[in-house]
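Grab a coffee and open the viewer. Here are some exercises to work through, each with a solution you can check as you go.

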Amino acid sequence: MAISSDHLIDAAVRLNLIEPEILAQLRIDARRKRVDLVDTVTAHYRLPISALYQAAAELRGLSFINPIAVSAPSASLLKKVPQALARRKLVLPLFEDEQGVLVATSDPDDRATLETLQRLLGQRIRVAMAEPDAMHAAIGRYLNDPAQNLASVETLAETDLIAMLNDILKEAYLRRASDVHMAQEESGLRVRLRVDGKLQDYFTNADGAVANGLISRVKVLADLDIAEQREPQDGGMTYYLAPPIDTEFNIRVATAPTRLGERVTMRLLGQEAQSLTLPRLGMSEHDMLEFRKAIRKPFGMILLTGPTGSGKSTTLFAALQEINHPELNIMTVENPIEYVMDGISQIQTGPKISFASALRSLLRHDPDVLMVGEIRDEETADVALKAAMTGHLVFSTLHTNTAAGTVGRLVDIGCEPYLIGSTMNAVIAQRLVRRLCPHCRKPRAATKDESELLGQGGSDVVVFEPVGCAACQGRGYRGRLGLFETLWFDEALSKLVSSGCSEDELERHALADGKLNLMWADGSVKVLAGDTSLSELQTVAVKRH
């Protein structure tokens, strides 16, 4: 049993998760398409169903809990509740303390069932709310008797692997996950979703046989060899989620053998290609102005730097989206193609085509703008720099820690300083931090040390801390925000680089000329604005100078 859809929707409206005027239109859409209103609402707002249940819990003054994320209940406690009652009413005692027994339920309004539980347990109960799927998973894990389980082959035969994979990818989409991890463990399949850079468990009751079947299903879709289980494999696929989500996205798939069986990692690509715009990146007004100037220059190179997963590709494609015009021939070389964009020719590298060879080929197609997915070696760097020198605007990425360190990295690869100095337009070092949930962030006075770290001398400095609510599913953060270290080249800096200056010398001159904005400074502004927390800033940047 679970609370009604009307109660879930009402809770979401009252806690400002959804707007009444948009809800009215969604009701019409749901009736016309004959789909469930809750599914329509969660698809439109990209909210998991757990967010609505957490909203309902908040309105009732109850705690919201994931029953399978807590320690397993004691056997003596579980024996007091008939399994039939637990499964039918979706209730489960979790633990007992001096205040009584904490009971998880999907329907806290079912007073009769709760009174029955109190009689069975013989002591006072406290109620916590949980979503039905989590209750099913917890009951399946804690109440299943191994002696009564079906054989693994029979379990696999009864499992709808297509529906299971669809449920996992649907939840990943609604939680705005970037990756899905599936690994085999002693207890069966473990699924985790990377949301805002952190991994979250998604619980299933899949045993070893079901895990093998599900992984084989992914390998078939990704065009991998299902018979090969001893070597890593890479592939990809396009996946479609049916209405009301009604969207298609690309997935990069990687498999690897482990001690207990294969594991699969799926990277969900290009989910928001159509909404990629420069203002959404989070650049400061000054940096945005300089970036727009740089990407509209007729030639030169713009480099994005940072570790894997720092949002470099997103920034590049937002820039390409900004300048995409029928008068320009824009071509890209990528591995893999993350965002599919209209009006742009995109080439994917592979075993028979390298970045350098693909780039040389593209130069014979009369391009105006080139995007190279990554500069990995001297050959690619040399071709890219010479293309920038011969009248093309070139975008690419590189792995360095700082903007000024990019020049030294290119020299280490084998590029000539004069070539770097004469072609570079801008270097942007980038990191991602979690964005504080605007619904529940809490202001507080900064300590003296925090104020000094943020470059503020006053005593009335305010910073914000995460709290956790239904909108952010209790995490305190929702979405991510870019932090940028920007280096804008002018004639003086270009001459300095061409002369073979050191990284410290370049950084010192650029700071003095106002051409370098350090990442800590950019992050400090965003901390003071309440966009992120100081602890998040400290995970990706250090104060220099």
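## Exercise 1: Aromatic rings

Tyr173 is buried, with a relative accessible area of 9%. Keep in mind that this is a predicted model.

**Task.** Find the aromatic pairs in the whole structure and decide how the rings of each pair are arranged.

**Solution.**

1. Start with what you need to look at. A pair of aromatic rings is described by the distance of the centres and the angle of the planes.
2. Searching the whole structure turns up two aromatic pairs. In one of them, the ring centres of Tyr173 and Phe249 are 6.2 Å apart and the planes make 5 degrees; planes under 30 degrees apart count as stacked, so this pair is stacked.
3. Now place that pair in the fold. Tyr173 belongs to helix H10 (residues 161–174) and Phe249 to strand S9 (residues 247–258), so the pair ties together parts that are 76 residues apart in sequence. Phe249 counts as buried, at 2% relative accessibility.
4. Go on to Phe317 and Tyr339. Their ring centres are 5.4 Å apart with the planes at 55 degrees, so this pair is tilted.
5. Phe317 sits in helix H13 (residues 312–323), while Tyr339 is in the loop between strand S12 (330–334) and strand S13 (345–348), so the pair ties together parts 22 residues apart in sequence. Phe317 and Tyr339 are both buried.

## Exercise 2: Charges over rings

**Task.** Which residue lies over the face of Tyr173, and over which ring does the charged end of Arg441 sit?

**Solution.**

1. Go back to Tyr173: Arg46 lies over its face, 3.9 Å from the ring centre.
2. Then try Arg441. Its charged end sits over the ring of Phe464, at 4.8 Å from the centre.

## Exercise 3: Strand S16 and its partners

**Task.** Work out how enclosed strand S16 is and in which sense S11 and S19 run beside it.

**Solution.**

1. Count buried residues along S16 (residues 424–436). Eleven of the 13 are buried, so the strand is largely enclosed by the rest of the structure.
2. Check strand S11 (residues 300–305): five bridges join it to S16, and the two run parallel. For a spot to click on, Ile302 has Ala426 in S16 as its bridge partner.
3. Check strand S19 (residues 477–488): ten bridges pair it with S16 in the antiparallel sense. Here Arg434 is matched with Arg480 in S19.

## Exercise 4: An open sheet

**Task.** What is the strand order of the open sheet of four strands, and which strands stand at its edges?

**Solution.**

1. The order is S1-S4-S3-S2, with mixed pairing.
2. Strand S1 (63–64) and strand S2 (91–97) are at the edges; each has a single partner strand, so one side of each has no neighbour in the sheet.
3. Look at one pairing up close. S2 and strand S3 (residues 100–105) run antiparallel and are joined by six bridges, with Val91 opposite Thr105 in S3.

## Exercise 5: Empty space

**Task.** Describe the largest cavity and the second largest pocket, and say what lines them.

**Solution.**

1. A search for cavities of 30 Å³ or more finds two in the whole structure. The largest holds about 80 Å³ of space.
2. Its lining is made of 13 residues, and those nearest the centre are Arg175, Arg176, Gln473, Arg475 and Arg478. Sorted by class, the lining of this cavity has five nonpolar, two polar and six charged residues.
3. The second largest pocket offers about 1,200 Å³. It is lined by 42 residues, with Glu131, Asp133, Ala134, Tyr202 and Phe203 nearest its centre.
4. Helix H8 gives the largest share of that pocket's lining, seven residues. By class the pocket lining splits into 19 nonpolar, eleven polar and twelve charged residues.

## Exercise 6: Unusual backbone

**Task.** Which peptide bond ending at Pro244 is cis, and where is Asp196 placed?

**Solution.**

1. First, the background: most residues other than glycine have a negative phi, and most peptide bonds are trans.
2. The bond from Pro243 to Pro244 is cis, with omega near 10 degrees, and Pro244 is in the loop between strand S8 (233–241) and S9.
3. Asp196, though not a glycine, has a positive phi of about 50 degrees. This residue is in the loop between strand S6 (188–195) and S7, and counts as buried at 11% relative accessibility.
4. Gln473, from the cavity lining, also has a positive phi, near 55 degrees.

Conventions
Residues are numbered from 1 along each chain as its sequence is written. This is a predicted model: local features need pLDDT of at least 70, side-chain atom pairs count only at pLDDT 80 or more; totals for chains, interfaces and linings use all residues. Side-chain values use heavy atoms; hydrogens and water are left out. Rings of Phe, Tyr and Trp (its six-membered ring) pair if their centres lie within 6.5 Å; planes under 30 degrees apart count as stacked, over 60 as edge-to-face and the rest as tilted. Buried means under 20% relative accessible area, exposed over 50%, partly exposed in between (1.4 Å probe, protein chains only). A charge sits over a ring if NZ of Lys or CZ of Arg is within 6 Å of the ring centre and within 35 degrees of the ring normal. On a 1 Å grid over the protein atoms alone, a cavity is a set of points where a 1.4 Å probe fits but cannot get out, and a pocket is an open set with protein on both sides within 12 Å along at least five of seven lines; lining residues have an atom within 4 Å of a point. Grid points are joined across faces, edges and corners, and a volume is the space filled by probe spheres set on the points. Ala, Val, Leu, Ile, Met, Phe, Trp, Tyr, Cys and Pro count as nonpolar, Asp, Glu, Lys and Arg as charged, and the others, Gly among them, as polar. Two strands pair if DSSP finds at least two bridges between them.
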